Amino acid sequence: MKNTNLRTVSGRRHKAVMPAVLVLVLGLVVLTAAGCGKKTRSEGYTISKDTLSVVLQGNPTTGYSWGCQISDENVIAFDSDIYETAAVGDSVTGAGGFDTLTFRTVGEGTAEITLTYGRQWEGGETQRVETIAVAVDADRRITAVTALTLTELAS
């Protein structure tokens, strides 16, 4: 007599195994949808040949933003600033996030990048300052980065 509704594993029947696996899979789907699978970010920097990307916390809804001054724009120049909210999925009004400021090399030498977080439009109210020293070789590759409080992120 053949029973097609039951499966055997190592000669044992297991009616309860399939429902348990189904419950486990559904549980993982629910947890992921609830935010348990959120990606996390942190402050720091990454280097990729001729590009320096600096990730810093920010919240433009407060009126604060990141500004930069570069001591020698013949060595490195500002390229872009991309803001991303920290919340995954729907944006939460007023929630903070991260600014990714990207710089590209221009020529050989050393330069300092001073990043200022403040209300630029209110005449210079500053909340935070970060200074980064960058060395660039003749091939326009970044050879050294010295940051006071930033940490290097894995690329």
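Trainee: Which secondary structure elements does the chain have, and how many of each?

Mentor: In this predicted model, the chain has one helix and ten strands. Reading from the N terminus, the order is β-β-α-β-β-β-β-β-β-β-β.

Trainee: How do I read the sheet that contains β4?

Mentor: Start with the strand order, then look at the edges. Here an open sheet of four strands runs β3-β4-β7-β6, and the pairing is antiparallel. At its edges lie β3 (44–48) and β6 (76–85), each of which pairs on one side only. From one strand to the next, the twist averages 20°.

Trainee: How many bridges join β4 to β7?

Mentor: Eight bridges connect β4 with strand β7 (residues 97–105), and the two run antiparallel. For a residue-level view, find leucine 52: phenylalanine 103 in β7 stands opposite.

Trainee: Let's turn to the aromatic rings. What describes a pair of them?

Mentor: Two quantities do: the distance of the centres and the angle of the planes. A search of the whole structure gives three aromatic pairs. Take tyrosine 64 and tyrosine 117: their ring centres are 5.4 Å apart and their planes meet at 25°. Planes under 30 degrees apart count as stacked, so this pair is stacked.

Trainee: Where in the chain do tyrosine 64 and tyrosine 117 sit?

Mentor: Tyrosine 64 is in the loop between β4 (51–58) and β5 (65–70), while tyrosine 117 belongs to strand β8 (residues 109–119). With their positions 53 residues apart, the pair links distant parts of the chain.

Trainee: And how is the pair of tryptophan 66 and tyrosine 117 arranged?

Mentor: That one is tilted, with 4.9 Å from centre to centre and 40° between the planes. This pair also links distant parts of the chain: tryptophan 66 lies in strand β5 and tyrosine 117 in strand β8, 51 residues apart. Put together, Tyr64, Trp66 and Tyr117 form one aromatic cluster.

Trainee: Are the residues of that cluster buried or exposed?

Mentor: Compare the relative accessible area with the cut-off: under 20% means buried. Tryptophan 66 has 7%, so tryptophan 66 is buried. Tyrosine 117 also has a value of 7% and is buried, and tyrosine 64 is buried too.

Trainee: What share of the whole chain counts as buried?

Mentor: The figure is 28% of the 155 residues. The chain exposes about 10300 Å², with carbon and sulfur atoms supplying 53% of that area.

Trainee: Which share of the contacts joins residues at least 24 apart?

Mentor: Take the contacts between residues at least 6 apart in sequence: 61% of them join residues at least 24 apart.

Note on methods: Residues numbered from 1 in each chain as written. Predicted model: local features only at pLDDT ≥ 70, side-chain atom pairs only at ≥ 80, totals over all residues. Heavy atoms only, no water. Phe/Tyr/Trp six-rings, centres within 6.5 Å; stacked < 30°, edge-to-face > 60°. Buried < 20%, exposed > 50% of the residue type's maximum accessible area, 1.4 Å probe, protein only. Contact = heavy atoms within 4.5 Å. Areas by Shrake-Rupley, 256 points an atom, 1.4 Å probe, with all protein chains shown as cover. Pairing = 2+ DSSP bridges. Axes fitted to C-alpha atoms, helices over the stretch in contact; angles between N-to-C directions.
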